[in-house]
Amino acid sequence: MKTSASIFCLDLVECSIATKGDEGRFLRLALGPDGHTMMIHDAMFLPTLYTQCSDEQRDAWLPAATNYAILGCYGQTEMGHGSNVTGLETVAVYDPASETFDLHSPTITSTKWWPAALGRTATHAIIHARVVLPASGTEDRNSDVGVRPFLVQLRDLRTHENLPGVESGDIGPTIGVVALEEGWCRFTHVQLPRIAMLARHGHVTKEGTFVRPPRKFSKRTYATMMGVRAGMVASSASLLGRAATIAVRFCAVRRQFRVPNGGKSETQVLDYPQVSLGILDVPFSRSCDSTST
């Protein structure tokens with residue numbers, strides 16, 4: 001008989017006892033507040049496919065992604081740059097003759113670094129890379145049109161081995177989210193079909209011309225990361241509430257120093273104004289402010 005809570009909940013999912021909406025709740029109950037490595041699939045990989053893919057790309061990729069036939073992660077951050085998206089160094093050079101992109105990590109600092117599930121688990125990744133187009137008739141050098149997202153297969157779906165040109169690994173335990181596997185990845189001239197570039201907000205033609213999105217949609221490429229960071233603000237209220245609860249319980253039980261009037265009992269630590277201000281007034285007021293906004 002299986003006794004592991006995580007195995008039990010996965011069995012429920014496999015046996016279709018749980019509905020699709022229940023799966024995440026079961027996993028959170030089983031694995032605790034740190035979550036699990038593949039929560040990045042639901043939190044970032046799927047939303048990116050929904051919001052960044054053309055209709056044709058959605059039809060081709062979403063069925064496998066929503067049924068977990070493929071497992072995805074989100075590869076934006078590099079060893080050298082993260083939030084500074086314009087500084088990313090991974091390149092995707094387009095070749096009109098073959099209608100392919102040459103995905104390459106040209107420097108050590110272009111190594112994708114930190115993404116959850118990247119090192120060992122994910123079969124696919126949303127990889128952000130600089131799109132470089134060949135020189136046109138009016139230009140004498142290649143044109144860098146900025147950073148765009150690509151859907152990249154990392155591993156063989158049968159053997160789970162890295163595909164040719166892909167190197168990856170686990171960066172080891174990290175502070176704060178120890179349950180999550182976080183990894184690194186490098187590319188050595190990996191050939192991608194033209195359709196691999198997510199095309200809802202800009203695409204490259206067969207001839208190698210970049211069709212830009214309307215200016216008002218120009219920042220939507222980064223919508224997934226912006227949404228996750230907004231969620232971090234909201235989740236901080238829950239984490240702060242847990243910490244404050246632990247502190248309040250301890251300070252209500254803990255007594256330190258005699259009562260000034262000479263009584264036999266010692267003063268509850270929670271009764272000291274400086275303590276109560278620190279663990280009641282400030283945390284709870286900030287928690288309420290963050291949840292209300």
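A polar contact here is a pair of N or O atoms within 3.5 Å, and within protein one of them must be able to donate a hydrogen and the other to accept it. Keep that in mind for the first view; the model behind every view is a predicted one.

**View 1. T100 and its polar contact with S98.**
The side chains of T100 and S98 come to 2.6 Å of each other, which makes this a polar contact because the cut-off is 3.5 Å. T100 sits in strand 3, which runs over residues 100-104. Is T100 buried or exposed? With a relative accessibility of 17%, T100 counts as buried, because the limit for that is under 20%. Setting aside residues up to four places away in sequence, T100 touches V93, Y94 and D95, and also Q191, L192, P193 and R194.

**View 2. The whole chain, before zooming in again.**
The protein chain has six helices and 13 strands. Of its 293 residues, 39% are buried. Looking at contacts with a separation of 6 or more, 64% are between residues 24 or more positions apart. The chain exposes about 16,600 Å², and 58% of that comes from carbon and sulfur atoms.

**View 3. A92 in strand 2.**
A92 belongs to strand 2, residues 91-95. Its relative accessible area is 0%, so A92 is buried. What does A92 touch, once residues up to four places away in sequence are left out? The list is F101, D102, L103, A129, R130, V131, V132 and F150. You can also pick out H189 in this view: its C-alpha atom is 8.9 Å from that of A92, although 97 residues separate the pair along the chain.

**View 4. The largest nonpolar core.**
In soluble globular proteins, nonpolar side chains tend to be buried together. Here, the largest nonpolar core takes in 45 residues, and F101, L103, F150 and F187 have the most contacts inside it. Which strand gives the most to this core? That's strand 5 (residues 124-133), with six residues. For a look at one of the well-connected members, follow F187: beyond its neighbours within four places in sequence, F187 is in contact with L103, H104, S105, K112, I127, V152, L154, G165 and V166.

**View 5. Helix 4 and its two sides.**
Helix 4 covers residues 55-66, twelve in total, and its end C-alpha atoms are 16 Å apart, which agrees with the 16 Å expected at 1.5 Å a residue. Its buried residues are Q57, W61, L62, A65 and T66. They take up an arc of only 120° around the axis, so they lie on the same side of helix 4. Over on the other side, E56, D59 and A60 are exposed. After the helix comes Y68, with a positive phi near 60°.

**View 6. W113 in strand 4.**
W113 is part of strand 4, residues 112-116. How accessible is W113? Its relative accessible area is 27%, so W113 is partly exposed, falling between the 20% and 50% limits. Leaving out residues up to four places away in sequence, W113 touches T77, E78, M79, I171, G183 and W184. G169 is 56 residues from W113 in sequence, and their C-alpha atoms are 9.7 Å apart.

**View 7. T123 and the loop residue H160.**
T123 is in the loop between strand 4 and strand 5. At 7% relative accessibility, T123 counts as buried. Apart from neighbours within four places in sequence, T123 is in contact with I70, L71, V152, Q153, L154, R155, L157 and H160. H160 itself is in the loop between strand 6 (143-153) and strand 7 (166-170). With a relative accessible area of 34%, H160 is partly exposed. Check its backbone too: H160 has a positive phi of about 65° although it is not a glycine.

**View 8. H189, another residue with positive phi.**
Where does H189 lie? Look in the loop between strand 8 (182-187) and strand 9 (190-193). H189 is not a glycine, yet its phi is positive, near 50°. A relative accessible area of 46% makes H189 partly exposed, because exposed would need over 50%.

Terms used:
Residues numbered from 1 in each chain as written. Predicted model: local features only at pLDDT ≥ 70, side-chain atom pairs only at ≥ 80, totals over all residues. Heavy atoms only, no water. Helix = DSSP H or I, 4+ residues; strand = E, 2+ residues; numbered from the N terminus. Buried < 20%, exposed > 50% of the residue type's maximum accessible area, 1.4 Å probe, protein only. Contact = heavy atoms within 4.5 Å. Areas by Shrake-Rupley, 256 points an atom, 1.4 Å probe, with all protein chains shown as cover. Expected span 1.5 Å × (residues − 1). Arc of directions from axis to C-beta. Core = buried A, V, L, I, M, F, W, Y, C linked by side-chain atoms within 4.5 Å.
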